[in-house]
Number of protein chains: 2
Amino acid sequence: MNQNKDRRTAILEAALGLIAERGFHGTPAALIAERAGVGVGTIYRYFRDKDELIHAVFQDVEKRQIEIITRNYDEERPFRERFVHLCRNIYHCLMEKPLEFRFLEQYFDSPYGVEQRRRLDNLSRPFGRLFFAGKEQQVIKDVPDKMLYSLVFGPIAFSIKEHNAGFLQLDAERIDLFIGALWDAIRR
Amino acid sequence: MNQNKDRRTAILEAALGLIAERGFHGTPAALIAERAGVGVGTIYRYFRDKDELIHAVFQDVEKRQIEIITRNYDEERPFRERFVHLCRNIYHCLMEKPLEFRFLEQYFDSPYGVEQRRRLDNLSRPFGRLFFAGKEQQVIKDVPDKMLYSLVFGPIAFSIKEHNAGFLQLDAERIDLFIGALWDAIRR
DNA sequence: TTCTCCGGAATGAACATTCCTTCTATGGTC
DNA sequence: GACCATAGAAGGAATGTTCATTCCGGAGAA
């Protein structure tokens, strides 16, 4: 029973790492099994097929990330502070876990991305509340939420890609500078 | 000779469309050949292999896009005006050609994306000059170029994805609203 | 012994790529 | 103008490879 959990986890982690490094199509089941220290057949004891495995990896990653993003988040603080807090957490968790970031990147631009809607819904819930109140109190631009998301998530994702590719060095100071610019984009 | 060009073009267009619709891995060579009205073997008369074909499609798309983005662009106009002009053109060409947008999207988040560097270098040249002068004259934030690119291209790409997915209706008015927010993000 | 869970060889499907046959266009000959 | 020879292009069946997935013999627990 505990053994079950370990094997399942090992498979999930192996899949995450390999897919991040080599893409969906560069990671045959045999390779996942090898890295997980498990027989090929075993994968199919825990997951119906490769698709189910990949969705499971996604859900796993998503769960962890949401947990980190809303850590220490206090809905009572002022808008700008809350905004900065959420953004910092996002940077933190995406940059600490480059594998997870690369996995998500691949996941969303692929047939699996049908689930994208879900992810945004889940990940952006705290932002949604922030935006709603901010618009009401005329602190944030009165434009559709999706536009605000684009203004925030777009640059964050883009800059982390540049960072991971080695084109842009992101340290705490620069991240804060950047978050300041994001705030300028959405504030009234 | 003319016939050659037609066949090559037909193959490129078929590949572009199919890859945009079904992804790299949903488009076997046989399918490309079929849509192009050509025998499978013929593809290999024009392109060494599938990779070369895909890179060729990319270069083709890139060339067209750069042409559109810098259309009617006047380096003598004021910063904000030039910025708005370039952004509008980007929206224009990416939204007019959803197939090309979807192709590019796939291309960059894939092993082929090694070429990403080139694309940014090419596509962003007019922006690079704009940013340089803007920083010098203290109109634009004095942060690394890559940060400015992230602040501009990130949201544009993100919002077009949302648009194509049907979550965000982008008309001319909203696009201008959006570009205004982008300007807020990068201006001093 | 029996019941579960594993491993990994075996299977079959999907493809990229090759290779040989068939077609087409060109131009030389009568 | 009719005919044919030849080279280069096109087509698509055949090949070989790379997987996902299955299946069955075996190890270990109960």
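In the predicted model, helix α10 (residues 172-186) of chain A packs against helix α10 (residues 172-186) of chain B at an angle of about 145°, with the two axes 7 Å apart. Axes here are lines fitted to C-alpha atoms, for helices over the stretch in contact, and angles run from 0 to 180 degrees between N-to-C directions. The crossing of α10(A) and α10(B) is right-handed; a crossing is called left-handed if the near helix is turned anticlockwise from the far one by less than a right angle, and right-handed if clockwise. On one side of this contact (heavy atoms within 4.5 Å) stand A:Ala181, A:Asp184 and A:Ala185, which meet B:Ala181, B:Asp184 and B:Ala185. By class, 4 of the residues are nonpolar, none is polar and 2 are charged. In this division Ala, Val, Leu, Ile, Met, Phe, Trp, Tyr, Cys and Pro count as nonpolar, Asp, Glu, Lys and Arg as charged, and the others, Gly among them, as polar.

The model is predicted, so local features need pLDDT of at least 70 and side-chain atom pairs count only at pLDDT 80 or more, whereas totals for chains, interfaces and linings use all residues. Residues are numbered from 1 along each chain as its sequence is written, chains are lettered from A and ligands numbered from 1 in the order in which they are written, and side-chain values use heavy atoms, with hydrogens and water left out.

Chain A contains 10 helices and 0 strands, where helices (H or I, at least four residues) and strands (E, at least two) are DSSP runs numbered from the N terminus. Its C-alpha atoms fill a box of roughly 60 × 35 × 30 Å along the principal axes. Chain A is superposed on chain B by a rotation of 180° with 0.0 Å of shift along the axis, at an RMSD of 0.1 Å. This is the relation of a two-fold axis. Both copies use the same surface, as 100% of the contact residues of chain A recur in chain B. The superposition is by least squares on the C-alpha atoms of residues with pLDDT of at least 70 in both copies.

DNA strand D is surrounded by 15 residues, the closest being A:Pro28, A:Ala29, A:Lys50, B:Gly39 and B:Thr42; a residue is near a strand if one of its heavy atoms lies within 4 Å of it. Sugar or phosphate accounts for 72% of the strand D atoms within 4 Å of the protein, and bases for the rest. Polar contacts are pairs of N or O atoms within 3.5 Å; within protein, one must be able to donate a hydrogen and the other to accept it, and residues adjacent in sequence count only if both atoms are side-chain atoms. Phosphate oxygens of strand D lie 3.0 Å from a side-chain N or O atom of A:Tyr44 and 2.9 Å from a polar side-chain atom of B:Arg7. A polar backbone atom of B:Gly41 is 3.0 Å from a base nitrogen of strand D. The largest share of this surface, 5 residues, comes from α3(B).

DNA strand C also has 15 surrounding residues, with A:Gly41, A:Thr42, B:Pro28, B:Ala29 and B:Lys50 the closest. For strand C, 73% of the atoms within 4 Å of the protein belong to sugar or phosphate. A backbone N or O atom of A:Gly39 is 3.1 Å from a phosphate oxygen of strand C, and a polar side-chain atom of B:Tyr44 is 3.0 Å from a phosphate oxygen. A base nitrogen of strand C lies 3.0 Å from a polar backbone atom of A:Gly41. Here α3(A) gives the largest share, 5 residues.
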